Amino acid sequence: MPFPFHIDILDLIFKGILIGIFVSAPMGPVGILCVQRTLNKGRWYGFVTGIGAAISDIIYALATGFGMSFVMDFITNPQYLFILKITGSTLLLFFGIYCFRSNPTKKMHISGNKKGTLIYNGVTAFWVTFLNPLIIFLFMVLFAQFSFVIPDHPLEMSIGYLSIISGAILWWFGLTWLVDKIRGQFDNKGIIIINKIIGCLVILISLIILVGTVFNLYTFHY
């Protein structure tokens, strides 16, 4: 007898990958560190930097999902859910505007040329990310917007969380590949350009979600 899936697994995987990319893409301290290490030490040193950040992110994702599972009665109430999604979309919009307008190179620390071990590079990136618990609020917004948390479905949620870390790894792999390919032309302006592109995409997606929520153009079900 086949295992009875109660939700669309492919839909959950897709949403998990999107969440992983959303959380990883903004060029914060770890993003800049990843770029610098790719340029100074090599692509795989930059990639393990991203892996360290992804491990920290999944810890916060698990903590957020676990916490939200206790308030499902609140966030599945249609009226409260509508308010939460509108609030989340608006916060995403402001987040996108902030990304577009910010200059992440102003506060960056120059990464040294001493390579160290791959494990060292991954661990330091983990702690840089882990010491920024504000990421929880971004996970709360994304989980609510995508109706990601599904209580009492541990197998499906495990797949969802694996999708989040897969999306994060996909982003770091793509970023380090791009930086490595254009390393001769890549400088601080490249970091700013990437950040502005990310900001534009976040603004566009948040507007689409906001309009869709207001006019009920789509519905995610718990």
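**Figure 1. Helix 2 and its surroundings in the predicted model.** In this predicted model, helix 2 is largely enclosed by the rest of the structure, because nine of its twelve residues are buried. The buried set starts with Val30, Gly31, Ile32 and Leu33 and goes on through Cys34, Val35, Gln36, Arg37 and Thr38. If you are wondering what covers these buried residues, the cover includes helix 3 (43-68), helix 6 (118-130), helix 8 (154-181) and helix 9. Helix 2 itself takes in residues 29-40 and reaches 16 Å from its first C-alpha to its last, close to the 16 Å expected at 1.5 Å a residue. Just after helix 2, do look out for Gly42, which has a positive phi, near 125 degrees.

**Figure 2. A salt bridge within helix 1.** Here the side chains of Lys15 and Asp11 come together in a salt bridge, with 3.4 Å from N to O. Side chains of opposite charge can pair when their charged atoms come close. Lys15 and Asp11 are four residues apart in helix 1 (residues 9-24), so about one helical turn separates them. How do the two partners compare in exposure, buried or partly exposed? Lys15 counts as buried because its relative accessibility is 5%, while Asp11, at 31%, counts as partly exposed. The count of salt bridges comes to one, so this close-up is worth a pause.

**Figure 3. A nonpolar patch on the surface.** Six side chains are the subject of this view: Ile193, Ile197, Leu201, Leu204, Ile205 and Ile208 form a nonpolar patch on the surface. Together these residues have about 550 Å² of accessible area. Ile208 is a good one to pick out, as its place is in helix 9 (residues 188-214). With a relative accessibility of 51%, Ile208 counts as exposed, because the cut-off for that class is over 50%.

**Figure 4. Trp171 and the residues it touches.** Trp171 sits in helix 8. Leaving aside residues up to four places away in sequence, Trp171 touches Ile21, Ser24, Ala25 and Ile198. Another pair to find in this view is Trp171 and Ala54, which are 117 residues apart along the chain, with 9.8 Å between their C-alpha atoms.

**Figure 5. Two cysteines, Cys99 and Cys200.** How many disulfides does a search of the whole structure find? The search comes back with zero disulfides. Cys99 counts as buried, since its relative accessibility is 3%. Cys200 has a relative accessibility of 40% and therefore counts as partly exposed.

**Figure 6. The protein chain behind the close-ups.** To put the earlier views in context, the protein chain has nine helices and zero strands, and reading along the sequence gives the pattern α-α-α-α-α-α-α-α-α. Of its 222 residues, 45% count as buried. Among the contacts in the protein chain with a separation of 6 or more, 89% come from residues 24 or more positions apart. The accessible surface of the protein chain comes to about 12,100 Å², and carbon and sulfur atoms account for 73% of this area.

How values were computed
Residues are numbered from 1 along each chain as its sequence is written. This is a predicted model: local features need pLDDT of at least 70, side-chain atom pairs count only at pLDDT 80 or more; totals for chains, interfaces and linings use all residues. Side-chain values use heavy atoms; hydrogens and water are left out. A salt bridge is a side-chain nitrogen of Lys or Arg within 4 Å of a carboxyl oxygen of Asp or Glu. Helices (H or I, at least four residues) and strands (E, at least two) are DSSP runs, numbered from the N terminus. Buried means under 20% relative accessible area, exposed over 50%, partly exposed in between (1.4 Å probe, protein chains only). Patches are made of residues with over 30% relative accessible area and no salt bridge: like charges are joined within 9 Å, nonpolar side chains (Val, Leu, Ile, Met, Phe, Trp, Tyr) within 5 Å. Accessible areas come from the Shrake-Rupley method with a 1.4 Å probe; for residues, only the protein chains shown count as cover. The expected span of a helix is 1.5 Å times one less than its number of residues. Contact means heavy atoms within 4.5 Å. A disulfide is a pair of cysteine sulfur atoms within 2.5 Å.
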